[in-house]
Every structure is written in structure tokens, then in C-alpha cells.
Amino acid sequence: MMKIDLALPALPYIKSALTPIITEETFDYHYGKHHAAYVNNLAALVKDSPLATASVEDIIQVGFKENNAALFNNAAQHWNHSFFWNCLSPNGGKMPNGKIAELIHRDFGSFEKFKEQFSTTAVKLFGSGWAWLAQTDSGNLEILPMKDAHTPLTEGKTPILTLDVWEHAYYIDYRNARLKFVEGFWEIVNWDFANRNLK
Ligand code: MN3
């Protein structure tokens, strides 16, 4: 599974690479301001504490268990965004391939059924949050709607793919039309990354 450092990671493509589905202006705000703020907030929260040398993954678990909202939210949002950028690719989209294609077929019946269920989950999630595809201990794929900063990591599940459906993810490009953003996701979803995340 992906390990995230306590720093703003470089994007895996240039900021204009996903235009027009996600524009450079959205990256300027979503990556350059929102994600950067989570990183800066987290660094300030753990500075001079025993968590300063902990992994981001461990900080998420500590924040969650101790019900420390600021710590959990900033650590999880940093992790989620770092993961999310990798879920997208200018060479993405089309049909899933390899093992992920097999598991989607096994657990959802067909790619079309999976796509419909994931899209509905993303569109219907009320307020801010993330639509996740995760893998359970027993290896099954699950679609999980999760509010705010929540992540499958605190449920002991392996993140495979995610889609950010906070308004800041799409409001510049699509205003209130979250469905259009979700439709665009399928044209840039990174199946190679999903395959690498499988257990
Ligand atoms: Mn976001």
C-alpha cells in the first residue's frame, strides 16, 4: 500500500494534463491551496510532539482512536488527496484491465454495474466526502461512501481507488453539477494504480 510522507507530494502529471475534465485552475486551488493547507496544518499539529516522527498512516489511526478531530482530519485529508491524485491519469479511462477487471466482474457482476454503483454512491453522498473502492481482509471489493475526511484505513481495509466529491473538487469546473465531474472521472481513472493497490 502507498506510503505518504508529511510533505506536499509532486503531482504525477502536469497540472494541465487532465484538462478539460479537471482544469489547471482546479489544481491550483485543490492541490496548491486545499491539499497544501492540510499538509501545513498537520505539520504544525505534530511539531515538537512524539508524532513528529510518526508515519502519516499512524497519525491517522491515532487521531481517529483519540477522537482528535484536527489531527485526524488534516492527516487523513493529506493522505486521501495524495492517494487521489494517483487515481487519475492522462492515460487513464477506458476499461479496467488485469486483476482489477477480474475482481470487479466477480464482486459486482460487470464493469457497467460497478460503474453505476460507484457513480451513484459518489453523486448521492450528502455534503462533503469521498467515494472509495476498498478491499477487505478476505479480498473482496467494496464501494464505501465516507463523509468528510474518512478513509477505509481506519476500518482495516485497503484503499484501491477514490473520488473526492467535496465541492472544492469540482466547483470551478462544473459549478454544482457533481454528476458531470463523476462522469469525467471514468475518462481519467487510473486502472494501473488500482491494480498496484490490490493485495
Ligand atoms: Mn479535496
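Here are some worked exercises on the predicted model above. Residues are numbered from 1 along each chain as its sequence is written, and side-chain values use heavy atoms, with hydrogens and water left out. Because this is a predicted model, local features need pLDDT of at least 70 and side-chain atom pairs count only at pLDDT 80 or more, while totals for chains, interfaces and linings use all residues.

**Exercise 1. The metal site**

Task: Work out which atoms coordinate the manganese ion, and how the donors are spaced along the chain.

Solution:
- Start with the cut-off: donors are N, O and S atoms within 2.8 Å of the metal (3.2 Å for Na, K and Ca), and water is not among the atoms, so sites may look incomplete.
- Now pick out the ligands: NE2 of His30, His81 and His168, plus an OD atom of Asp164, at 1.9 to 2.1 Å.
- Read them along the chain and you get H-x50-H-x82-D-x3-H.
- Finally, check burial for two of them: Asp164 and His168 are both buried (buried is under 20% relative accessible area, exposed over 50%, partly exposed in between; 1.4 Å probe, protein chains only).

**Exercise 2. The cavity**

Task: Find how many cavities of 30 Å³ or more there are, and describe the lining of the largest cavity.

Solution:
- A cavity is a set of points, on a 1 Å grid over the protein atoms alone, where a 1.4 Å probe fits but cannot get out; lining residues have an atom within 4 Å of a point.
- Grid points are joined across faces, edges and corners, and the volume is the space filled by probe spheres set on the points.
- The count comes to 1, and the volume is about 30 Å³.
- Its lining is Ile22, Thr26, His30, Phe84, Trp85, Ala169 and Phe181.
- Helices α1 (24–46) and α3 (69–86) each give two or more residues to that lining (helices are DSSP runs of H or I, at least four residues, and strands are runs of E, at least two, numbered from the N terminus).
- His30 turns up again here, having already appeared as a manganese ligand.

**Exercise 3. A salt-bridge network**

Task: Trace how Glu142, Glu155 and Lys157 are linked.

Solution:
- For a salt bridge, look for a side-chain nitrogen of Lys or Arg within 4 Å of a carboxyl oxygen of Asp or Glu; the structure holds 6 of them.
- Lys157 meets Glu142 at 2.8 Å, N to O.
- Lys157 sits in the loop between β2 (141–147) and β3 (158–164) and Glu142 in strand β2, so the pair ties together parts that are 15 residues apart in sequence.
- Glu155 also bridges to Lys157, with the closest N and O atoms 3.3 Å apart. That completes the network.
- Why does Lys157 count as buried? Because its relative accessible area is 18%.
- Glu142, at 27%, counts as partly exposed, and so does Glu155, at 43%.

**Exercise 4. Backbone oddities**

Task: Locate the cis peptide bond and say where the positive phi values of Asn67 and Asp148 fall.

Solution:
- The bond from Thr19 to Pro20 is cis, with omega near 5 degrees; Pro20 lies in the segment before α1.
- Asn67 has phi near 55 degrees. Asn67 belongs to the loop between α2 (56–65) and α3, and is exposed at 68% relative accessibility.
- Asp148 has phi near 55 degrees too. Asp148 falls in the loop between β2 and β3, and is partly exposed at 37%.

Terms used
1 Å grid on protein atoms, 1.4 Å probe; cavity = no way out; pocket = protein on both sides within 12 Å on 5 of 7 lines; lining within 4 Å.
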